[in-house]
Structure formats: C-alpha cells, structure tokens
Amino acid sequence: MLSQDLDASSSSTTVAGQDRWRPSGLHFVYGQWLRGNHVLLADVDNFEHVHVVMDMFEAIHMTTNSPCLFIVSEDLIAYWYTAVSIRLQDMECVQYVGDERARHDILQVQLSAPMSMTCHILLTPYRIAIQDATLLSRIKWEMVVIDEIRDLLLPSTKLYKSLKLLKPHFYFLTSMCPDKFTHENYVALKDFIVPLASTSTGSDDADPQQVRKMLAPYILERTRAEHERAISKPMNIGLMDLGHLSTIRCEGIFHFQGTSSEVGQLVTTAAKQVALIKVIGAVVGQKKYPLIVSESCEFVIDVLAAHGIEYAMIDAQSSDEILRKHITIFKIDRRMGDCLVVHASEQDIMANPNFFGIDAIIFFDTLYSQREHGLMFDPEFEASLDKELILKRLVSLEPITQIEYTWSLAAKISLARYLIINFATFLDSSDPLEDGQGLPVLGTDFDIYLSAKMRNGEVLGSTEEHPLPTAEEVREKKDKHFKKGFSLYREVLGARVRAKQKAGRMLRARRGQ
C-alpha cells in the first residue's frame, strides 16, 4: 500500500508544461535551502509530506554528499524506513536505535572520518536524539528533518534544547496540525528557524500578528484540496531570472545596507519593480486598468512616478459604498490614471468582494509560501464573478514588506532597477521572449529568481551543457562584478551630489547679485 502511495505521489507531480517541483512544494523548499533559511512544511488533513522530504533529500544529494539526520516519532520509525527504502533505493539509510552500546557500534561503523558519515541518512527517534544530542551535534549535518513538531515547540522541553545544539545547514520541519499552534509555539518556532539576521528587526514577540508575519516566508501551509487544485489548474507563469552576474552587481550596490538576507530583499524589491512595469504595460495594452495591492506602497509609487505612470490611491478601510464608487469612476474616467494603488494585504483584498469590480489585480508582495494557500478562488466564487478577471502575482522567496523606505534606499533601488532592466532574462512558461516583450497577460504568476546563490564556493543550478565554475573562477567573477556594481553606484551618487552642489552655487550667485 505504501509503495502504491509513493508511486502515485511521484507520478502526480509530473504535470505537462510545468516543473515537477512546482506543484509538489519542493521548489519553495529548495530555494530556501539555497539561501540558508529553515522551513516548516505545514500540511494539514493528512496530506503526505513524506514525499516532499524524499524529493528534497534527492535534490540536496545531487549537490552535496553531506549526511542528513531524520528525527521522527518512535512509532513511525518503521514507516519512515520503509518510505526511504522504496523511494531512495540507491541511498543508504541506517536506523540509529538500540541501547547505548548498540548506538556506539553504529557510529563506529558509519563514521568514515572525524565528523563524517558513510551513510546518506541516519534515522532516529526523538528519545535518542535527546540522549545523544551532544554526540550528534559534532557531526556536520546538511539537513535535519524533524517530523511532527507541534508538541516539541516549547523552549522549556529537553527536546527543544537538544535539537538547538545540532546546528545543521538546513532544518526541515514538518507538521500536520499548524492550526493548533499556540502563540508560544509560534514564538519558539521563530527563534528556532528564522535566521538570526531576520530577528534583528526589533519585532515584538507579544504581538501574534507580527510573529506570524515574520514566519510567513518560511512556512509552506497547504491542504490536500489546494494541492490538487494547483496541479489541475492551468498555470501560465512568466519567469524573471536576474542572472548570476546581474544579481552580484545589484548586491554590490546594497553591500553596506545590512545582512545578506536584507540585501536579497532589496534586490528582490528592485526586481519586482521591473516586473511590475512590464506587467502593467501588458495589462494596460489589453485595455485593462489594474489595481495594485501592496503593504509597501512607497516602492510601488516610487517606480510608477519614475516611469511617468499616472495613478490614484484608494483607502482599503473605506466603506463598501465609497469603494464601489471609486472603482466605478476609475474604470470609466482615465483622468484618475492607469493604475489604482491600495495599501492592503492580499488576504484583505480576497476577503472583500468590492475589489473584484476591477478588471485586473496585481499583487506586489506575494511570497512562494502563499502561492497555494489562501490566494486561489473557490470554483463557485470564480463562476459567480461572471467576467474575465486578470490576476497577476509577483512571486518571490524574499519578503519585501520588512523594508523601511528611505530616500537614499530608493536611490539605490533605482540604480539596481536600471541594471536589472538591462541584464535580466524574461521568459514565459515555455519559450524565451524577445527583448522581454510579449509578456503573457492572462497568466496567474510572475516568478522572480535571484540566481547568484552560492554554496561552498560554487554556483548551483548548472547543467552538463553549462558546467559549474571552479571556486576560484566564482570568486574572481564575484569580486569583478561586485566592484562594477558598487563603482556604478558611487558614480551615479557622485553625479547627483555634484549636480546639487552646482545648483547651490548658482543659487548663491544669484542671491549675491
């Protein structure tokens, strides 16, 4: 029975014209692994997450041979061992069980060198993970999988303290009961999986909404129905790949802006601005005038003003009557501009039917973790619209709503936007687009990728036709293009300063006359 389930799951993720990772959720998990972030896969209603864990291990193993540790409930040891044996027949999985002497013998056999394992997966129950936490923490784990964490997310428990000792590159947590998490669980989860760089934002742990917002990029929460709809629903996805060199140059512009995580958010913001302009052009070209939804409206308004696109603002908190009135006027009176901008979350818009009087909606802030959860219409609601509503989501792994807008930051983002326009690659779901034109209009998503993610001195994602560069080549290219990006920023900033000084001298000269 398990064999049939595993085979069925494997075949169900192969969808014509789509990356098989996309519907399975692996695309999200793999992207976070590349960035050094940890992930919680929160599947509900008995949705089998074991398949995503197996797929993720296969993807990691193709890149690195470092061992992985699976920590599961004692009564599920046999189930997980069977699943690994069926799905990963070429991988060696060892059960780390028994008394202290037996476990010592297992490690003696498996440790090929100090802190290095010969097996691919070490499978152990919670109880033993607690007892041998210090010993296991001496091994360099690439991935630690912890199954069913709901009852473990209490900082006072031995298991929580023990697992914090392991410090792998990647924690992959799973749970089938995210709806039963308490606020204390979420705070503990934040301290457990959110990178330290992201915890320096001064967030208030007493505010449940703030804690959930910080965790949103790292939690993939799905139901079986949402997963099946994501597979069956046709997807026309526009792709935007910044490319390795372009990303490095952009990172050079933001080098002194903060941590690598914060730099990634800033580069993503610039990329989303470029994507927004292209999507607006494609939508308006169809005589559809969009509503742009964002909790970072300053960045939206900044790019609209830079490109001379007229817009109007609308208050999401207005009464139903006022909202309907403003939307009706916007649709017939072009003096209000080509775009309507609203400061709101995606969930706020989806919950308010007044906004669906518009012809097109662009979600600016969408995260990969929100792709399948909460942003898909029920079939009944979709039919009740009785119209063709264009929905575009600018999707990324990096959150952008945590960035505080400043003038100096906007100037840097503007420069990064210039680089992206000139060097990024735009693709539809099948074929390249000439010069970034011809963007598909009726698609649901516009995916944004940062390609310069590195691990162990190498750039990942290459193929046999495009082999990985050596670590030395990567360092040389990164230094070269980082310097170009930073030099370009200094040159533009210097020109602005000189222009300002010249204007000041002219003004003083006039006053002197």
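Modeller: Let's start with a word: a residue is buried at under 20% relative accessible area, exposed at over 50%, and partly exposed in between (1.4 Å probe, protein chains only). This is a predicted model, where local features need pLDDT of at least 70, side-chain atom pairs count only at pLDDT 80 or more, and totals for chains, interfaces and linings use all residues. Residues are numbered from 1 along each chain as its sequence is written, and side-chain values use heavy atoms, with hydrogens and water left out.

Biologist: Okay, what percentage of the 513 residues of the chain count as buried?

Modeller: 50% of them do.

Biologist: And how many helices and strands are there?

Modeller: The chain has 20 helices and 19 strands. Those are DSSP runs, numbered from the N terminus: helices are H or I with at least four residues, strands are E with at least two.

Biologist: How do I read one helix, say helix 15?

Modeller: General idea first: an α-helix has 3.6 residues a turn, so residues three or four places apart point the same way. Now the case here: in helix 15 (residues 297-306), C297, F299, V300, V303 and L304 are buried. Seen down the axis, these buried residues fall within an arc of 165°, so they line one face of the helix. That arc is taken from the directions from the helix axis to the C-beta atoms. On the other side of helix 15, A305 and A306 are exposed.

Biologist: What do the buried residues of helix 15 pack against?

Modeller: Their partners are helix 14 (260-284), strand 11 (290-294), strand 12 (311-314), strand 13 (339-343) and helix 19 (407-423). Contact here means heavy atoms within 4.5 Å.

Biologist: And what should I make of phi angles?

Modeller: Most residues other than glycine have a negative phi, and most peptide bonds are trans. Just after helix 15, G308 takes a positive phi of about 65°. K167 is not a glycine, yet its phi is positive, at about 50°.

Biologist: Where does K167 lie, and is it buried or exposed?

Modeller: K167 sits in the loop between helix 9 (158-164) and strand 8 (170-175), and it is exposed, with a relative accessible area of 65%.

Biologist: Which other lysine should I look at?

Modeller: Try K287, which also is not a glycine and has a positive phi of about 60°. K287 is found in the loop between helix 14 and strand 11, and it is exposed, with a relative accessible area of 62%.
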